[in-house]
Amino acid sequence: EETVCVFGTGDLGRSLGFKMHQCGYSVVFGSRSPQMSSLLPSGAEVLSYSEAAQKSDIIIVAIHREHYYFLTELTKVLKGKILVDVSNNLKINQYPESNAEYLAQLLPGTHVVKAFNTISAWALQSGALDASRQVFVCGNDSKAKQRVMNIVRTLGLTPLDQGSLTAAKEIENYPLQLFPMWRFPLYLSAALCIFVFFYCVIRDVIYPYVYGKKNETFRLAISIPNRVFPSVALILLALVYLPGVLAAILQLYRGTKYRRFPAWLDHWMLCRKQLGLVALGFAFLHVLYTLVIPIRYFVRWRLKNMTLTQAMTNKDSPFSTSTAWRSDSYVALGILGFFLFVLLGITSLPSVSNTVNWREFRFVQSKLGYLTLILCTAHALVYGGQRFLSPSSYKWYLPPAHVLALIIPCTLLVIKFILIIPCIDKALTRIRQGWE
Amino acid sequence: EETVCVFGTGDLGRSLGFKMHQCGYSVVFGSRSPQMSSLLPSGAEVLSYSEAAQKSDIIIVAIHREHYYFLTELTKVLKGKILVDVSNNLKINQYPESNAEYLAQLLPGTHVVKAFNTISAWALQSGALDASRQVFVCGNDSKAKQRVMNIVRTLGLTPLDQGSLTAAKEIENYPLQLFPMWRFPLYLSAALCIFVFFYCVIRDVIYPYVYGKKNETFRLAISIPNRVFPSVALILLALVYLPGVLAAILQLYRGTKYRRFPAWLDHWMLCRKQLGLVALGFAFLHVLYTLVIPIRYFVRWRLKNMTLTQAMTNKDSPFSTSTAWRSDSYVALGILGFFLFVLLGITSLPSVSNTVNWREFRFVQSKLGYLTLILCTAHALVYGGQRFLSPSSYKWYLPPAHVLALIIPCTLLVIKFILIIPCIDKALTRIRQGWE
Amino acid sequence: EETVCVFGTGDLGRSLGFKMHQCGYSVVFGSRSPQMSSLLPSGAEVLSYSEAAQKSDIIIVAIHREHYYFLTELTKVLKGKILVDVSNNLKINQYPESNAEYLAQLLPGTHVVKAFNTISAWALQSGALDASRQVFVCGNDSKAKQRVMNIVRTLGLTPLDQGSLTAAKEIENYPLQLFPMWRFPLYLSAALCIFVFFYCVIRDVIYPYVYGKKNETFRLAISIPNRVFPSVALILLALVYLPGVLAAILQLYRGTKYRRFPAWLDHWMLCRKQLGLVALGFAFLHVLYTLVIPIRYFVRWRLKNMTLTQAMTNKDSPFSTSTAWRSDSYVALGILGFFLFVLLGITSLPSVSNTVNWREFRFVQSKLGYLTLILCTAHALVYGGQRFLSPSSYKWYLPPAHVLALIIPCTLLVIKFILIIPCIDKALTRIRQGWE
Ligand SMILES: Cc1cc2nc3c(=O)[nH]c(=O)nc-3n(C[C@H](O)[C@H](O)[C@H](O)COP(=O)(O)OP(=O)(O)OC[C@H]3O[C@@H](n4cnc5c(N)ncnc54)[C@H](O)[C@@H]3O)c2cc1C
Ligand SMILES: Cc1cc2nc3c(=O)[nH]c(=O)nc-3n(C[C@H](O)[C@H](O)[C@H](O)COP(=O)(O)OP(=O)(O)OC[C@H]3O[C@@H](n4cnc5c(N)ncnc54)[C@H](O)[C@@H]3O)c2cc1C
Ligand SMILES: Cc1cc2nc3c(=O)[nH]c(=O)nc-3n(C[C@H](O)[C@H](O)[C@H](O)COP(=O)(O)OP(=O)(O)OC[C@H]3O[C@@H](n4cnc5c(N)ncnc54)[C@H](O)[C@@H]3O)c2cc1C
Ligand SMILES: NC(=O)c1ccc[n+]([C@@H]2O[C@H](COP(=O)([O-])OP(=O)(O)OC[C@H]3O[C@@H](n4cnc5c(N)ncnc54)[C@H](OP(=O)(O)O)[C@@H]3O)[C@@H](O)[C@H]2O)c1
Ligand SMILES: NC(=O)c1ccc[n+]([C@@H]2O[C@H](COP(=O)([O-])OP(=O)(O)OC[C@H]3O[C@@H](n4cnc5c(N)ncnc54)[C@H](OP(=O)(O)O)[C@@H]3O)[C@@H](O)[C@H]2O)c1
Ligand SMILES: NC(=O)c1ccc[n+]([C@@H]2O[C@H](COP(=O)([O-])OP(=O)(O)OC[C@H]3O[C@@H](n4cnc5c(N)ncnc54)[C@H](OP(=O)(O)O)[C@@H]3O)[C@@H](O)[C@H]2O)c1
Ligand SMILES: CCCCCCCCCCCCCCCC(=O)OC[C@H](COP(=O)(O)O)OC(=O)CCCCCCCCCCCCCCC
Ligand SMILES: CCCCCCCCCCCCCCCC(=O)OC[C@H](COP(=O)(O)O)OC(=O)CCCCCCCCCCCCCCC
Ligand SMILES: CCCCCCCCCCCCCCCC(=O)OC[C@H](COP(=O)(O)O)OC(=O)CCCCCCCCCCCCCCC
Ligand code: HEM
Ligand code: HEM
Ligand code: HEM
């Protein structure tokens, strides 16, 4: 039975002590006021800091950085011991050096190891370890690191060695991040949404008001979002596959892969997954908005009204097979596109993508991905139909939203078809295989 | 090449032997009737129990507890060896002591290690290891435990050290559990469903029958479930966020976090995830039931009939922009609420929640969770509209189901808004940070 | 700080060097043209192959197999060193022996370890390790293997020991596989789809054309797929549960479980998961196709037309409670069936199935699975209703598609009900427990 010392009887100190106690360690707490401490695991000793330090050569410092200074009084007792720094800050890059390095400077004779800072005290104690089970570990002494990693493993967590103590800065910033990779896709899609939204408001609300004094504001709730969301989804989907094509053109132009891409292209390529998932989200919204169409009061009212008008005027509306074909086929294309879209989403779940090999992953993401794009583009094209040409759909010379949405996907597909012409494809393959 | 001995040529014995043979171990079986054994891995030796025991110092006892007694005859041969107990029982707490402890008592000179009991023989052999790949290991001798854990790791499974042999009881109970954390949420939602169901039957089936002799029983199939499911979903969603608010009030009242919550609150907080997922299930059902509305014979018949009546009576039904607004906006709120609901569901998939840090997880679960609740509540409020006030919707003084469903969410949201008033929020933060 | 040598400055060499450098190793590259190499991690040395080899006793050979011959010149320098073979081929079983074994033959005095071949260079460098993080490792020298596995672990990947170097063949084939387990289910469902599709074309398009000269081709887009997909989904779902029943009958007939099943049954049992997921895919398509029904031009036109005809002819169409019941109840059964279907799908996500124990997994997959089958079968039965009997639905003596689709599920359910009769069930349990 190994003894571990924990400094500080705060939230994290107690949780760690509790958990280690459960996993068979004997735990000694150090505290400013040993007799007042409460809620500690039964069987754990609580001593003053200096007494506790003597009981073990591995000490978990569950104290905020602001209070580290008092540890300097214990320099002698701590000499040669392993100090585990678990602290986090409130802001990214709050201090010039990382907390772990600061601790190491304060107490030069010790082996400081950074660990446990990504774990939540509450989750650890309650067992509901929903967010990351990964514990990043770094430190300059590899034996000390190994011992801490053993403790991590015994608690049922996954240690990840991050190298020397200089990595502490990054480790301390990690828990303060808020979806860094999602930021660009989300901003981009917000900008696109706002643009298409106002574009549609002008065409569908302001135009009829100006020319017909009709109050069409109720379209703001469903009709217009159901133009905005699919358009943005389609544009984003095309933007997922655009960087791959740009990279190919660049490599063809340069004739070599041995040069770095410009930074923006690199970043764009790395956030394609997030772009794709945001596109999926918008497509999902489009599908829901579409499926509720027949429930809407406006739609039911219009159907009733059209029937009544026709009954009054006694005009016949014969069945048009070509309209039926067009209506059915654009919907069918949309469904198939959405189905593949969802499949792409499922394979990007970490647990699923982890069970497939690269060839399979590339097959789904690249081959089926392009198929998705083709189906969705065809869906919008068939939906648009002849409307592209009829002048009546150009209000104030503004084309319908889906015409705008189709520009990037269609251009992309044309370029891609050029790139897979055998002779160009062969040149590209040669470049990518790197055999001069 | 290490040699491992397996006692018993039953299902688990064979599967383990087969798998270990595949992973490079040499395997010796012990059996009552060595010559009759069949389906064993080619290359494995089958001997009598005592002969087999001599071949290796690590022995996997793949025999039911009921037959352990005969091992006492081998006490001498087994002295000092590692015995791996793999057995399960048929009922929780079937015997006073765990099987592993019983084995250790029977054979005092041996090192008993508990392992492999969570694995299915069929899955191991066929490679379809769908359910848990985790192997809980416990034992008093840490060297013995380490060796068994190495075997586990080599077979591609994940060993989890659970400490000393006293943990065996819990390990043996684990495979007999059936969704313990889901029990309370499921019972609760079943009770709510039954209550709301009969409530709606009284209002929607019995009342029209009593007053109008109308046969509305067909409503039992879709209309009434589509009142029950969304109401229960909304109540459950509110119950997910209620304990957090209660805990905050309690902490404010006590002025400290250094006291345990009452047990019921603790348990409630731990099953919020399950409550939320059950709510998602009901919401999903509500969405499906809603989307099929226009397909229903009853709805199509009613629409046709209304059109006909209007054609006959020649009455005009002018388009009401405000009705269109209300109808569209409650549906749009529902869609957005459902979208976020699904997002919450996706982030609670273990593999997704494992790739986000705590800040991100809390952001989605807490911030977006409250947004979901607000959207869903607004959806039901707007749907209810003025109906709250009109006496015609109070049949036998019973308010519509959605009025009942709105009580808890609205109350909760009001309290939450009070709690985030800056001065109260600051007090709470101070308490939770624990700085006296 | 350990020094690792990398042979070859190609894609994988650079990526591995880069990553190892990041994780604290010091890296030395060997290259044909050290001075021309570019894009290498700063701080890494680039030397000629023979010089580089002397710097470290662990060498990663990031060169294509076709160029291994030149290594024979270095036999002396490489003596006793660990060579890590990372190579892949372009085709399965391209060469008689595996690349790793070939390398070992070329350089007899070295310890060859196979590793890293499943990792993509681009993913490793960019950190977007979406597909498999697993690194299969094999080799004859267990110390060498252990050292390579430590490197793998340090890079944040998961090493999996596969035994001796003879396993290299399989490891090299792994990255070339393309969904081997999905092949049979996909072929089977494609065949079923084609068959049911042409069957429906004959009944729904050719028959009306021959007898009424009606152009019903527009049905090819939605109406017919919406017969094909649900029928195939139902058949596949039944085929998931059929092998379990066949196995039970076989075991009852043989009176023992100690005999292998025929190979086809074994394979069938192992691809039930994939069969089930494909069935879920088709069911999902059916649901989408069904929900868009009211949006279709054809359906809206028909509703309008029927209303108009009725208005003209002044015929009354009274409300039929029994039709309402039937219509609502088959839809409700479908929804509940689909809900459970999705639940089955969610529990087969690797990360979810990994957190449940076997009892829970069996409960969901077997108990709820049969419930799903029952609900879906009932859905189709109630939908079919009396149509089974009316001769008008037999066109050219061909029964409707759903009658065909119902044959296997109904038969299966009948046999299953027989098998769970207590006396038969007891006999089966006795056989499966294996107590003679
Ligand atoms: C719903 C949805 C989910 C998605 N999920 C994911 C996801 O989980 N993960 C993900 O990565 N993407 C994801 N994407 C984005 C997209 O599908 C993939 O990035 C896809 O692989 C791009 O295909 P491509 O043919 O354009 O690739 P290309 O750009 O042609 O090639 C990309 C691939 O080629 C290789 N490569 C790239 N550049 C080079 C180079 N210079 N030298 C050598 N090889 C190179 C790499 O293996 C890379 O993965 C998702 C998209 C959608 C719509
Ligand atoms: C579809 C769906 C899925 C869900 N999935 C999950 C899931 O996967 N995992 C999950 O946990 N919940 C899940 N939930 C439930 C719910 O979203 C979360 O529990 C949510 O975090 C509650 O938010 P809150 O603001 O009420 O939390 P609060 O109760 O205000 O705070 C809870 C959080 O604060 C911390 N905390 C709690 N008590 C204390 C204390 N005494 N001292 C210090 N810190 C404390 C903890 O970090 C805790 O997680 C799900 C809900 C839904 C609807
Ligand atoms: C949407 C969907 C998803 C699915 N996902 C999965 C999945 O992730 N994983 C999966 O495996 N299946 C999956 N399936 C297939 C199916 O649900 C399961 O295979 C299910 O367990 C079969 O149930 P059963 O009652 O027919 O099993 P049975 O055939 O009666 O028994 C099967 C089980 O019994 C045991 N067993 C089988 N043969 C023997 C034997 N000879 N001796 C002793 N025990 C034996 C094994 O534990 C086996 O799992 C899925 C199906 C669907 C529709
Ligand atoms: N809570 C989490 O979820 C979490 C997660 C990851 C990392 N962390 C890190 O863990 C460390 C501790 O966090 P915590 O949440 O446990 O904090 P806390 O509850 O505030 O506890 C801090 C403890 O530090 C001790 N301490 C020593 N000198 C002190 C002083 N001068 N003033 C105040 N306290 C002093 C106190 O213990 P005694 O009274 O016994 O002396 C106190 O209980 C922090 O560095 C934090 O960043 C916390
Ligand atoms: N099957 C599973 O999926 C599974 C999963 C987890 C744990 N387990 C546990 O593993 C153990 C074995 O399970 P199993 O499924 O392999 O059982 P089994 O098929 O019934 O085999 C039991 C074996 O025990 C041996 N045995 C020794 N003395 C015996 C006696 N007096 N009577 C009967 N058999 C005797 C027999 O082997 P010989 O004929 O060769 O002597 C027999 O084959 C049990 O403790 C079980 O709880 C099983
Ligand atoms: N790329 C991947 O994603 C990946 C993934 C898994 C496995 N692999 C395997 O890793 C190995 C290397 O792949 P790679 O993609 O890095 O290939 P690559 O880019 O073509 O690099 C091959 C390197 O081999 C060296 N080399 C030595 N003798 C050579 C010769 N006679 N002709 C050409 N090159 C020679 C060259 O380095 P110098 O110019 O410095 O001598 C060249 O850069 C292959 O066996 C491959 O199967 C690659
Ligand atoms: C129905 C469509 C589905 C629905 C909605 C769209 C959701 C799209 C947005 C996903 C957002 C995920 C947030 C992840 C948080 C995060 O940062 O997650 C971080 C990780 C990033 O991991 P890495 O850092 O390892 O790359 O992202 C993920 O894990 C992505 C999860 C993808 C989930 C896609 C799920 C699709 C499931 C579809 C199911 C079925 C649909 C049925 C249809 C009717
Ligand atoms: C469409 C909505 C989705 C659908 C249906 C609702 C499902 C809700 C019920 C989930 C039940 C999961 C059973 C888990 C078994 C278990 O015990 O699982 C046990 C684990 C518990 O793990 P821990 O013990 O680690 O907490 O639970 C889970 O892993 C939860 C999985 C959550 C899955 C939510 C999935 C939502 C996906 C939504 C996708 C897209 C939707 C598209 C919409 C049209
Ligand atoms: C909406 C229904 C969902 C949708 C669509 C159907 C998808 C069915 C096809 C799944 C294909 C997965 C490809 C996997 C690639 C692979 O080889 O994956 C390989 C692994 C095989 O793993 P093993 O080798 O470990 O067995 O398969 C999987 O991981 C299976 C993943 C199953 C995913 C099912 C997800 C269902 C989610 C439902 C969500 C909610 C729905 C909401 C409804 C409106
Ligand atoms: C189930 C799947 C789908 C169905 C049933 C469907 C149906 C529809 C319908 C009915 C419309 C016309 C909307 C209107 O009249 O205002 C439409 C438009 C459109 N859809 Fe889809 N769709 C589906 C999936 C998709 C997907 C996956 C995409 C691509 C990302 C997409 C992109 C579009 C676009 C761009 C438009 C034109 C929007 C506009 O400007 O009006 N659809 N879809
Ligand atoms: C796609 C998303 C959604 C749509 C299209 C939708 C649509 C509807 C519709 C049309 C009704 C009226 C039903 C009727 O007339 O009987 C309704 C009622 C209701 N919905 Fe939703 N909804 C959605 C999501 C949600 C969600 C996520 C919740 C909350 C959990 C919810 C809660 C309710 C409640 C409580 C009612 C009142 C039920 C009653 O008593 O009649 N809805 N919804
Ligand atoms: C949300 C769930 C579901 C709904 C709303 C639904 C609805 C329907 C509807 C409206 C039809 C009649 C289609 C037509 O008139 O052409 C139908 C037919 C059918 N459904 Fe479903 N269904 C659902 C789920 C399922 C599931 C999960 C299965 C089984 C795998 C299934 C199997 C069938 C079959 C076999 C037919 C007969 C197809 C034919 O030959 O016409 N359904 N369903």
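In the predicted model, 19 residues are found around ligand 11, and those that come nearest are B:R227, B:H286, B:G334, B:H379 and B:Y383. The site is shared between chains, because the residues that surround ligand 11 come from chains A and B. By class, the shell around ligand 11 divides into 12 nonpolar residues, six polar residues and one charged residue.

Several helices of chain B contribute to this shell. At least two residues each are supplied by α9 (225-254), α11, α13 (321-347), α15 and α16 (401-419) of chain B. Of these, α9(B) gives the most to the shell around ligand 11, namely five residues.

Polar contacts with ligand 11 involve both side-chain and backbone atoms of chain B. In the side chain of B:R227, an N or O atom is 2.5 Å from an oxygen atom of ligand 11. A nitrogen atom of ligand 11 has a polar side-chain atom of B:H286 at 2.8 Å or more, the computed distance being 2.9 Å. The backbone of B:H402 also takes part, with an N or O atom 3.4 Å from an oxygen atom of ligand 11.

The metal centre of ligand 11 is considered next. Its iron atom is coordinated by the NE2 atoms of B:H286 and B:H379, at 2.0 to 2.1 Å. The site of this iron atom is octahedral, with angles of 88 to 179° among its six donor atoms. The two histidines link distant parts of the chain: B:H286 belongs to helix α11 (residues 272-291) of chain B and B:H379 to helix α15 (residues 358-384) of chain B, 93 residues apart. B:H379 counts as buried because its relative accessibility is 18%, under the 20% limit for this class.

A second site was examined at ligand 12. Here 19 residues surround the ligand, and the closest are C:R227, C:P230, C:H286, C:G334 and C:H379. This site is shared between chains as well, because residues from chains B and C surround ligand 12. The shell around ligand 12 is made up of 12 nonpolar residues, six polar residues and one charged residue.

Three side chains of chain C make polar contacts with ligand 12. An N or O atom in the side chain of C:R227 is 2.5 Å from an oxygen atom of the ligand. For C:H286, a polar side-chain atom lies 2.8 Å from a nitrogen atom of ligand 12, and the side chain of C:H379 likewise places an N or O atom 2.8 Å from a nitrogen atom of ligand 12. Two or more residues of the shell come from each of α9 (225-254), α11 (272-291), α13 (321-347), α15 (358-384) and α16 (401-419) of chain C. The largest share, five residues, is provided by α9(C).

The iron atom of ligand 12 is coordinated by C:H286 and C:H379 through NE2, at 2.0 to 2.1 Å. The arrangement is octahedral because the six donor atoms around this iron atom subtend angles of 87 to 178°. Distant parts of the chain are linked by this pair, with C:H286 in helix α11 and C:H379 in helix α15 of chain C, 93 residues apart. Both C:H286 and C:H379 are buried.

One further residue of chain C was examined. C:S348 is placed in the loop between α13 and α14 (350-353) of chain C. Because its relative accessibility is 11%, C:S348 counts as buried. Its side chain reaches the backbone oxygen of C:G345 at 2.9 Å. Leaving aside residues up to four places away in sequence, C:S348 touches C:K273, C:L277 and C:Q365.

Conventions:
Residues are numbered from 1 along each chain as its sequence is written. Chains are lettered from A and ligands numbered from 1 in the order in which they are written. This is a predicted model: local features need pLDDT of at least 70, side-chain atom pairs count only at pLDDT 80 or more; totals for chains, interfaces and linings use all residues. Side-chain values use heavy atoms; hydrogens and water are left out. A residue is near a molecule or strand if one of its heavy atoms lies within 4 Å of it. A polar contact is a pair of N or O atoms within 3.5 Å; within protein, one must be able to donate a hydrogen and the other to accept it, and residues adjacent in sequence count only if both atoms are side-chain atoms. Helices (H or I, at least four residues) and strands (E, at least two) are DSSP runs, numbered from the N terminus. Ala, Val, Leu, Ile, Met, Phe, Trp, Tyr, Cys and Pro count as nonpolar, Asp, Glu, Lys and Arg as charged, and the others, Gly among them, as polar. Buried means under 20% relative accessible area, exposed over 50%, partly exposed in between (1.4 Å probe, protein chains only). Contact means heavy atoms within 4.5 Å. Donors are N, O and S atoms within 2.8 Å of the metal (3.2 Å for Na, K and Ca); water is not among the atoms, so sites may look incomplete. Four donors count as tetrahedral if all angles lie between 85 and 135 degrees; four count as square planar and six as octahedral if opposite donors are over 155 degrees apart and all others between 65 and 115; anything else is irregular.
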